[in-house]
Amino acid sequence: MDTAQFQAMLEEKGIFLPPQALEKFERYYELLIEWNERMNLTAITDKPSVYLKHFFDSLSPAFYYDFSRSLSLCDVGAGAGFPSVPLKICFPHLKLAIVDSLQKRITFLQHLADELALTDIAFYHDRAETFGRKKEFRESFDVVMARAVARMPVLSELCLPLVKVNGTFIAMKAASAQEELKEGKKAIALLGGEISAVEQFTLPMEQSERAIIFIKKVKSTPSKYPRKPGLPNKQPIQ
């Protein structure tokens with residue numbers, strides 16, 4: 001996917017990027033490759049693949065959800081900034097919080113935000129399990145997102161405690177979404193969530209299957225969740 005195709009395919013979905021946003025994606029790519037030589041940020045490094053598998057894929061939730069509103073968004077386990085930084089470039093009004101357990105990734109993301117002149121972003125070097133227990137963050141976000149972080153029973157425990165009641169948890173998945181939803185059904189309900197939609201689509205060009213799971217927070221998460229770091233993974237709610 002070259003930059004012209006990236007722009008055209010987003011326009012087909014109703015997302016129109018001004019020239020300065022396209023420049024930011026170009027600079028994002030340059031910095032990703034530059035820093036990737038020093039630390040492991042991504043295995044995908046050729047430009048067409050980064051634009052398709054990272055940038056375009058990160059923006060796919062916006063094909064189904066309205067990010068043009070005033071929203072607070074938390075990205076759990078953001079890694080090299082996906083999906084939240086591409087969304088922030090396209091929707092600069094978003095109030096963004098990024099949580100990652102590795103300080104070196106946070107350092108990269110802070111530098112990236114400075115270079116791209118992105119404002120209203122807060123970075124937190126923390127485990128999701130401890131972040132979700134802090135009073136100032138618990139049930140405080142309109143939208144919480146995660147892309148390729150963990151399976152649904154675990155992911156729900158990491159993300160749903162951060163979502164406001166009536167807010168939305170968005171999980172970005174590959175083809176196994178239905179199987180994961182069966183696995184995660186008990187955890188989603190226990191943690192206060194309700195599945196509102198599952199959108200499936202094919203990533204253009206390489207034709208790989210994707211699924212985006214939208215979960216509405218319908219009631220408060222019980223105070224015992226999330227459990228201690230590592231426990232959701234070792235003993236998932238099932």
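## Exercises: a sheet and its helices

In this predicted model, seven strands build an open sheet with mixed pairing, in the order β3-β2-β1-β4-β5-β7-β6. Let's work through it together.

**Exercise 1.** Find which strands are the edge strands of the sheet, then give the average twist from one strand to the next.

*Solution.* Look for strands that pair on one side only: these are β3 (121–125) and β6 (193–203). Next, go from strand to strand; the twist averages 15 degrees.

**Exercise 2.** In what sense do β1 and β4 pair, and over how many bridges?

*Solution.* Start with the general choice: strands of a sheet pair through backbone hydrogen bonds, either parallel or antiparallel. Here, β1 (residues 72–76) and β4 (residues 141–147) take the parallel sense, over three bridges. To place the register, note that L73 stands opposite V143 in β4.

**Exercise 3.** Determine which strands α7 lies across, and do likewise for α8.

*Solution.* Helix α7 (residues 152–159) lies across β1, β4, β5 (163–173) and β7 (208–217), and runs at about 145 degrees to β5. Helix α8 (residues 177–190) covers β5, β6 and β7, at about 160 degrees to β6.

**Exercise 4.** Describe how α2 packs on α3.

*Solution.* First, the geometry: α2 (residues 19–36) and α3 (residues 47–59) meet at an angle of about 120 degrees, their axes 11 Å apart. Therefore α2 is oblique to α3. The crossing is right-handed. Next, the contact: α2 contributes L22, F25, E26, Y28, Y29 and L32, while α3 contributes K47, V50, Y51, F55 and L59. Finally, sort these residues: nine are nonpolar, none polar and two charged.

Conventions
Residues numbered from 1 in each chain as written. Predicted model: local features only at pLDDT ≥ 70, side-chain atom pairs only at ≥ 80, totals over all residues. Heavy atoms only, no water. Axes fitted to C-alpha atoms, helices over the stretch in contact; angles between N-to-C directions. Helix = DSSP H or I, 4+ residues; strand = E, 2+ residues; numbered from the N terminus. Parallel < 35°, antiparallel > 145°, perpendicular 65-115°, else oblique. Left-handed = near helix turned anticlockwise from the far one by under 90°. Contact = heavy atoms within 4.5 Å. Nonpolar A, V, L, I, M, F, W, Y, C, P; charged D, E, K, R; others polar. Pairing = 2+ DSSP bridges.
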